[in-house]
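Here is a short set of exercises to work through with the viewer open. Try each task before you read its solution.

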Amino acid sequence: MSKLIEAHRARNPRLLLFHGLVGLLVAFLVCGLAWRQLFHRGLYSERERLQNQRRIIVPGPRGNIYDREGRVLVGNRPRFSVVLNLADLRGELRTEFVKIVRNYREFPKAERPTADQLETPARTAVAQRYLDQINVILGRSEKVRPRDLKRHFDQTLLLPYILLDDLAPAEYARLIERLPVTSPLQVYTSSTRFYPYGSAAAHTLGFVGVNDDPTVEDFPGEDLLTFKMKGSLGRAGLEKKFDAHLQGETGGAIYRVDPAGYKVDLPIEKRLPVQGHNLTISLDIDLQLAAEKAMEGRVGAAVALDVRTGEVLVLASKPDYDLNTFVPRLSHEEAAQIEETGGWLNRAIQGVYPAGSTFKLITAIAGLRSGAIDRDHSSVICPGFFMVGNRRFPCWNHNGHGERNLAGAIRDSCNVFFYKYGLETGPDLIAAEARRFGFDHPTGIELPAETHRMLVADPAWKEKNLNEKWFPGDTANLAIGQGFLDVTPLQVACMVASFARGETLTKPTILHVADRPAQHTAPIGLAPADYAAILNGMEQGYQIGTGRLARIDGLSAASKTGTAQKRTPQGTIELAWMICFAPAENPQIAIAVCLESQEPDTSFGGGVYSSPIVKAILEAWKYKQDHPAAKAPVFKVGP
Amino acid sequence: MLPKRFDQARPFATLGLIVLVWLFVPLVVKSFTRVTFFEAQAPFAAASSYVQDLQEFWAMRVRPKNEMIEAGRDLARLNASYELRLQENDQLQNEILRLENLLKLPPLPAFRFEPARVARRDFSGWWQRLVIRKGANYGITVGAPVVFVGGVVGRVTEVHAYTSVVDLITSPTFRLAAAAEGDPRPVSYQGGLNDSFRAPRGTVEFVPLDIYATATATRRLVTSGLGGVFPPGLTIGEITMLEPSTDGLFKTGEVRLDERLGSLTEVTVLVPLNPLEL
């Protein structure tokens, strides 16, 4: 019977049709499966990869900045934090969540919070439990901020959650000894900028800001969901100018994650961040500190250059700010305070001022080169004023200097001499001489935001820009560095260095290169005796003239002081200038100092107010010359 | 009667069943079983250790009298030199105390010294630990530092009625705040993966960049005392290699530990007098 049924079934055409249909459907499924598995394999693998992998980007620490003698001016300070690895807490988080949900069971359904609303308290409670362990060890009473924790879960779940930041070394030591190696709590290190000298050379060194989007090159997984740790970006000074050089090499890791987003294994791919390149700059921190100390409470700038190479030894601007207040970020109060004091401005390269009597060197050179001044015969009898047309131009010494030749006029900074011979030389030649010394363009120093507002005015400029005629009075003003003239203290320092070398241009540089070759530009174009006459006046100025307050025993120097006036919205302020180079017979250091008086319409002479700063720099420089640092023997450590 | 095939698989089925049941046993029961098992083992470990001590004692007794007299004389000399050092140490301690008082430094946590014989050594790739013959009966507490004549041995991780387990300094789970000798800045010392036939080693991290050490010019690593568990100045080992980490912030390196750690017979537990201070 059963055999009959089997036979019947086997021959039944309806069953055959059914079998065929099933076979067709199975074949269709198999084909579909094969199609997806064999031909679309790459697509599904890629989707799986994108879903299961996450990338973390870790910026490398920035390079250090050293002064010319290898002292760290800007470095990195380790920053110790205690972090919570959330991936290790999944079980605890779930248990806590369930516990909280159970507590709400008594509530009517309408009043029960949603699951999303209950997640945050559950997470906070767990994190607080761990934070309490830390509180016990460190004797603190810190609290977890639910909002921060929620943001971390929503945005950066893959990264450890920072419970406490910037621990003291003793706290960090306690934690590494007390926390078990396998604990979800771990001590994490990152780096932050550190400025050992605080506010010294603040404008030159600059500061960094937070970079939320650090870039990474040649690291796989660009298409993966990426978490980026905050990096830093140079915002001012050398930190900004050399940002690419200082910036560390970004590292990263790719982790496999579970559906909830927690990492489940060791990284699939990992690259360690590498510190950026170091930078050695030309500043001498001893001289810089000496200048800044002498400038305490003043407003202005001081610049010192290596005469031979043009390397900047001092670049100080006051008021300034403590760079450490920018770490990790500057508070609104501190920013407001810097704003109020005018501390943002780097007066050495951004402040433009009339050069005052320091410009008389240019007038003298122009006069000598043009023949308007004769070093042996040109002289005036200074009665304390000079009449240009019917306008009276005063000398700073209202009682008059008496008879003065070129050297004497430079020594005593006699305005009358320069009014007279400036007018004879003419504005075009004086302006051309100023341009020859580079007063009409930025110096090109490797610092951001050097001003372009410097101005060497001549009749053509006045005609073009003010649509006014040039008057002899304008020439008289120009001859003593007043009127429309505007220069930066760095430009003046460059002029001093150039003059000291007997040349016309100095290209300043903030970068230090050992054995940098001496600069050589166009010669000054004066007969040696003419050059000596100016030099003689400057030397006398340093010894017995207006710059005598800067005099140091045992050091010969040449100086020139100046007092200029500048109109400001608050009234006319005086500017105390002093330029100097030393030693006079073999110039090595050139200095320019410019201070602003802080009250309008008060006397603020360069010889009185700027001399102490020049003296402080010269003293520090001479001390280093007399006591050269002993060179430590170099021992080779390691292979 | 069960079919033959199932009969053969019965041991595996039973094992599987036991494993399954064990999985669902509450944690408290599991913990209790583990502790009980350890306590049951303790008398055997202690007895074995006592027998070994006895064996050593009788091995000493059969030595010739002259040799013993000579050893006794050497010991007397050694004792005399120790006595001298103790007096020097007293003077130095008083000086340190005077300076600490001048600087108004807070007192260091005080300890009671509890010598203990080693009952068992467990050295494997998984853990590196000792079982000592003193436990809660001598007031030993979890976390107490353990030292020997060569410096740090480890830290007590488990305390039982008559025995304690010490996590050795060589263990990868051991970490403490250390310092290069003569430098106050704390660094992190951690045990490494030590196999049985290799000189014990550990790793040191977060070492400041201006500290140098090589295999030929080693630097002693000591406890910093900042961690609050170990008193300062105890020898950990010799730093034999340091290399800068890629981030340029620190150096990391290797520490060579005392080879006697592998054959310790007696250690001293520093039992804190006031555990709350730690």
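**Exercise 1. Take apart the contact between chain A and chain B: how many residues come from each chain, and which elements of chain A give two or more?**

Keep in mind that this is a predicted model.

Step 1: count the partners. Chain A puts in 22 residues and chain B puts in 21 residues.

Step 2: map the chain A side onto secondary structure. Strand 3 (72–84), helix 7 (169–178) and strand 5 (185–194) of chain A are the elements that give two or more residues to it.

Step 3: pick the top contributor. That's helix 7 of chain A, with eight residues.

Step 4: sort by class. The side of chain A that touches chain B comes out at 12 nonpolar, seven polar and three charged residues.

**Exercise 2. Work out what secondary structure each chain has and what its radius of gyration is against the value for a compact globule.**

Step 1: start with chain A, which has 23 helices and 20 strands. Its radius of gyration is 37 Å, while the globule rule gives 26 Å for 639 residues, so chain A is more spread out than a compact globule. Along the principal axes, the C-alpha atoms of chain A fill a box of roughly 150 × 65 × 65 Å.

Step 2: now do chain B, with three helices and 12 strands. Chain B has a radius of gyration of 24 Å, where a compact globule of 278 residues would be near 19 Å. The C-alpha trace of chain B spans about 85 × 65 × 40 Å along its principal axes.

**Exercise 3. Split chain A into its domains and describe the contact they make with each other.**

Step 1: set the bounds. Domain 1 of chain A is 54–280, and domain 2 of chain A is 285–321 + 347–626.

Step 2: get the separation. The C-alpha centres of the two domains of chain A are 52 Å apart.

Step 3: count the contact. Domain 1 of chain A brings 16 residues and domain 2 of chain A brings 13 residues.

Step 4: look at the domain 1 side. Helix 8 (202–205) and helix 9 (237–241) of chain A each supply at least two residues there, and helix 9 of chain A gives the most, with four residues. By class, that side of domain 1 of chain A has six nonpolar, five polar and five charged residues.

**Exercise 4. Which way do helix 11 and helix 23 of chain A run relative to each other, and what are the classes of the residues in their contact?**

Step 1: get the geometry. Helix 11 (residues 285–294) and helix 23 (residues 611–626) of chain A pack at about 155 degrees, with axes 8 Å apart.

Step 2: classify. Angles over 145 degrees count as roughly antiparallel, so that's the label for helix 11 and helix 23 of chain A. Their crossing is right-handed.

Step 3: list the contact. From helix 11 of chain A the residues include A:Leu287, A:Ala290 and A:Ala294, and among those they meet in helix 23 of chain A are A:Ile613, A:Ile617 and A:Trp621. The contact of helix 11 with helix 23 of chain A has 10 nonpolar, no polar and four charged residues.

**Exercise 5. Do the same for helix 14 and helix 16 of chain A: what is the angle between them?**

Step 1: helix 14 (residues 360–370) and helix 16 (residues 415–425) of chain A pack at about 50 degrees, with axes 9 Å apart. Helix 14 and helix 16 of chain A are therefore oblique to each other, and the crossing is left-handed.

Step 2: the helix 14 residues of chain A include A:Thr363 and A:Gly367, with A:Phe418 and A:Gly422 among the partners in helix 16 of chain A. This contact of helix 14 with helix 16 of chain A has three nonpolar, five polar and one charged residues.

Methods. Residues numbered from 1 in each chain as written. Chains lettered and ligands numbered in written order. Predicted model: local features only at pLDDT ≥ 70, side-chain atom pairs only at ≥ 80, totals over all residues. Contact = placed C-beta atoms within 7 Å. Nonpolar A, V, L, I, M, F, W, Y, C, P; charged D, E, K, R; others polar. Axes fitted to C-alpha atoms, helices over the stretch in contact; angles between N-to-C directions. Parallel < 35°, antiparallel > 145°, perpendicular 65-115°, else oblique. Left-handed = near helix turned anticlockwise from the far one by under 90°. Domains from an automatic or database assignment. Rg over C-alpha atoms; globule rule 2.2 N^0.38 Å.
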